Structure formats: structure tokens, C-alpha cells
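Biologist: Could you take me through one part of this model at close range? I would like to follow how its strands pair, and what lies in the open around them.

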Amino acid sequence: MLNAGGENILIDTGPASRRGLRVGALTARGIERGDIDVVILSHLHWDHCQNTDLFTNARILVHPTELDYAHNPARGNTSAAWYAAEMLAKMKTEPVSDGDLVTEGVSVIATPGHTKGHLAVLLETGDEKTLVADQNAIPYVLPEPVEGPRRAKLRV
Ligand SMILES: [Zn+2]
């Protein structure tokens with residue numbers, strides 16, 4: 001969770017088993033789920049997006065490759081959130097791609113590898129840059145092979 005450009009931004013929403021913890025952590029900071037303006041989903045594996053429906057006021061940002069895959073996940077892919085396409089269709093979902101600016105000081109970087117549409121988040125404050133790489137460091141092989149380079153080249 002971060003605040004940038006006057007917006008409350010959440011990166012991934014976690015698994016349903018942590019739903020109460022997610023809401024509790026925000027409440028402890030004086031933030032209600034309706035106060036979240038933007039949710040950036042690094043990818044659409046269930047353990048990263050199951051609680052997205054909590055944030056009905058938020059713009060939901062996800063790479064278009066993830067959205068496409070969510071409509072027809074590979075058979076046997078136990079990591080895929082099979083309901084994600086239906087859930088995101090009911091929300092304010094916006095596709096974002098490499099280099100897109102989310103708000104002042106926050107942009108996304110395409111980091112295919114763990115999934116084809118994986119996103120990292122780049123935070124820039126003054127001279128300091130921080131990359132929230134999420135699971136980019138964890139290769140995901142089957143049943144969703146990645147064509148081309150296994151890891152994206154970061155421009156940080
Ligand atoms: Zn994953």
C-alpha cells in the first residue's frame with residue numbers, strides 16, 4: 001500500500017484466506033477499502049488477486065496479456081484465478097502496459113517471466129527509485145511457457 005499523487009494505491013490484493021488480514025491492515029492505518037483509489041495487479045494468479053472485489057471504488061490496473069489469459073487459462077493451471085475475467089469485467093478495470101504512468105512518481109514495467117503479463121511497479125521520488133518486482137524473481141514454467149527472454153530487462 002502506498003500513497004502517491006494524492007491516491008491510495010494497493011499492489012496486489014492477496015488470497016481469500018487473508019481477506020480479513022488485508023482489510024484489518026488497512027483499517028489499522030485509518031484506510032477503509034473504499035478509500036483505495038488504484039489497485040495494481042502484478043498478475044492474475046489467485047494468490048495475488050482474490051480480494052480485488054473488495055475495492056469497488058478503485059481503478060484496477062492489469063496488463064492486457066493477463067486479461068486475455070484470464071478468459072481462457074491453460075487446462076490444469078492451478079495458479080490461474082479462473083473467475084478473474086468475470087470479476088474484473090464488473091469493475092473499473094484498465095489495461096496498462098510497459099512504461100504507463102499510474103500517477104505522479106508511479107509507473108508500471110512489463111516483466112514477463114513468472115507470467116506473460118507480469119507487471120512490476122516503479123516508484124520514483126526525487127533521485128530515488130524503488131522497484132516493486134513482486135514475483136518476477138520466481139520463474140513460472142508450466143503450463144504457461146514464456147516465449148522469448150525469460151526475464152525482462154529492467155530500465156532502472
Ligand atoms: Zn504467481
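Modeller: Happy to! One term is needed before we start: a residue is buried if 20 or more other C-beta atoms lie within 10 Å of its own, with C-beta atoms placed from the backbone. Please keep in mind that this is a predicted model.

Let's look closely at the open sheet, which has five strands in the order 1-2-3-4-5 and mixed pairing. Its edge strands are strand 1 (2-4) and strand 5 (92-95), each of which pairs on one side only. From one strand to the next, the twist averages 30 degrees. At the strand 1 edge, three bridges join strand 1 to strand 2 (residues 7-11), and the two run antiparallel. If you want a pair to find on screen, try Asn3, whose bridge partner in strand 2 is Asn8.

Now for what surrounds that sheet in the sequence. Helix 1 covers residues 19-28, and one of its 10 residues is buried, so the helix lies largely in the open. Just after helix 1 comes Gly30, with a positive phi of about 80 degrees.

Another antiparallel pair is worth setting beside strands 1 and 2: strand 8 (residues 119-125) is joined to strand 9 by five bridges. Here Val121 has Val132 of strand 9 as its bridge partner. The hairpin of these strands has two residues between them, and Gly126 in this hairpin takes a positive phi near 60 degrees. As for strand 9 itself (residues 128-132), the number buried among its five residues is zero, so this strand, too, lies largely in the open.

Technical notes. Residues are numbered from 1 along each chain as its sequence is written. This is a predicted model: local features need pLDDT of at least 70, side-chain atom pairs count only at pLDDT 80 or more; totals for chains, interfaces and linings use all residues. A residue is buried if 20 or more other C-beta atoms lie within 10 Å of its own, exposed if 12 or fewer, and partly exposed in between; C-beta atoms are placed from the backbone. Helices (H or I, at least four residues) and strands (E, at least two) are DSSP runs, numbered from the N terminus. Two strands pair if DSSP finds at least two bridges between them. Axes are lines fitted to C-alpha atoms, for helices over the stretch in contact, and angles run from 0 to 180 degrees between N-to-C directions.
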